[in-house]
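Notebook open, structure loaded. I want to look at one helix, then the rings, then the empty space.

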Amino acid sequence: PKVLCVVLRTLKADKIITLSQINLLISTFKYKLKGTGLNPFGLEITNSNLSEGKLKGTASQKWCLLIHLPLILRNINITPENQAWQLMIKCREIGEILMSDSIPKSKIQYLACLIDEHHQLFRLLSPVGMTPKFHYLIHYPRIISSFGPPIRYWTMRFEAKHQYFKDLARKLKNFKNLPHTLATRCQTLQAVSLSSSFFQLSEMHCGPGETIPVSAFDQSVCDGIKEISGLGYFEEENAFSASWVQLNGIKYEMGSLLITSIVQEDIPLFSKTEWIVNIRNKWYIGGKDVIPKSFDEKTWSYECSVTEHISFQELSTMFCRSPVLVYHLDETVYALMVTLPSRT
């Protein structure tokens, strides 16, 4: 929040954009948050927010704003050398690395340099705005090299658990021996969860759909399924075509963008989901390939083109489950990475 406030305050002071323009662009942007767990961003930024360096809202909402702000302000006349913009992009890149499921060793030293450059820029733009959290960030590369990605041991899971008790206390509206009430309700919920399929290693759910013969699909779709499944001639079989499928808490829907492979170490190739089918009790997700043409540092996203080539992935052995957001803006397809792509 402090970085975002410094960035927006600097852009406003330089008369690049006004506060009303900022709020209008944020409120009218059509967020596509399938599979990310992010909440739609919906709060108004005021002059007091910018001066105090504080934003009201949840951590998820602030993370959502940081991810989308470069894309939201894409048409604002900001030069690449603008220090406020560089500060936001560096913060965005740091967040992308820290929130990833897996972090390559080669990224650790790069992260340390990135944090150092980020802090120097922040001190230049806001000399008195640094808090202890900025210092803690310096130790992240060392901690990652010892314990792995921070998302594996971050405190957000404890905050989520604590949120259950806060919501329950508000709904009960009875504060007589509240600890006993909350402990009893929590124990009952845990008993129900333990006696159900909550702790199964693979939890699968699917949405509404229809059973159709495989021969009803185009030949290119059948060829794509054959290639990934290794199955023989099965056009006479039936397939269940669903609108969405969820595996281990991750939901895959029509229109979502998935990573199919990575070339040259860090350039992802995408596929836009158009088919979710179950054949012989195996789920397959397929769609048209989306090829990145270039990486736009200003929007921190890939500018892509959609091809006619069709590819499929088996759900249980997908190449990557990192969430990707796709936006069609100004006749351009933008693929917005939330975290680093990681092989599952």
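**Helix α9.** I started with α9, residues 156-172, which has 17 residues and reaches 24 Å from its first C-alpha to its last. That is close to the 24 Å expected at 1.5 Å a residue. Note to self: this is a predicted model, so I treat each number here as computed from it. Just after α9 I found Lys 173 with a positive phi of about 55 degrees.

**Rings.** How many aromatic pairs does the structure hold? I got ten. One of them is Tyr 164 with Phe 165, edge-to-face, at 5.2 Å centre to centre and 70 degrees between the planes. The label fits, because planes over 60 degrees apart count as edge-to-face. Is Tyr 164 buried or exposed? Neither: its relative accessible area is 25%, so I logged Tyr 164 as partly exposed. The cut-off for buried is under 20% and for exposed over 50%.

I also pulled up an aromatic cluster made of Phe 270, Phe 295, Trp 300 and Tyr 302. Separately, I checked Trp 244 and saw Lys 251 lying over its face, 4.4 Å from the ring centre.

**Second largest pocket.** The volume came out at about 620 Å³. I counted 24 lining residues, and those nearest the centre are Lys 107, Asp 266, Tyr 302, Leu 340 and Pro 341. Tyr 302 was already in my notes as a member of the aromatic cluster. Which elements give two or more residues to this lining? They are α5 (83-98), α6 (105-125), β9 (301-314) and β11 (332-337). The largest share is from α5, with four residues. By type, I have twelve nonpolar, five polar and seven charged residues in the pocket lining.

**Second largest cavity.** Next I went after enclosed space. Rolling a probe the size of a water molecule over the atoms shows where empty space is left. My search of the whole structure gave two cavities of 30 Å³ or more. The second largest cavity holds about 40 Å³ of space. Its lining is Leu 258, Thr 260, Ser 271, Lys 272, Thr 273, Ile 285, Gly 286, Gly 287, Ser 311, Phe 312 and Gln 313. Two or more of these residues come from each of β6 (257-263), β7 (267-279), β8 (282-296) and β9. I had β9 down for the pocket lining too. The cavity lining splits into three nonpolar, seven polar and one charged.

Methods:
Residues numbered from 1 in each chain as written. Predicted model: local features only at pLDDT ≥ 70, side-chain atom pairs only at ≥ 80, totals over all residues. Heavy atoms only, no water. 1 Å grid on protein atoms, 1.4 Å probe; cavity = no way out; pocket = protein on both sides within 12 Å on 5 of 7 lines; lining within 4 Å. Points joined across faces, edges and corners; volume = space filled by probe spheres on them. Nonpolar A, V, L, I, M, F, W, Y, C, P; charged D, E, K, R; others polar. Expected span 1.5 Å × (residues − 1). Phe/Tyr/Trp six-rings, centres within 6.5 Å; stacked < 30°, edge-to-face > 60°. Buried < 20%, exposed > 50% of the residue type's maximum accessible area, 1.4 Å probe, protein only. Lys NZ or Arg CZ within 6 Å of the ring centre and 35° of its normal.
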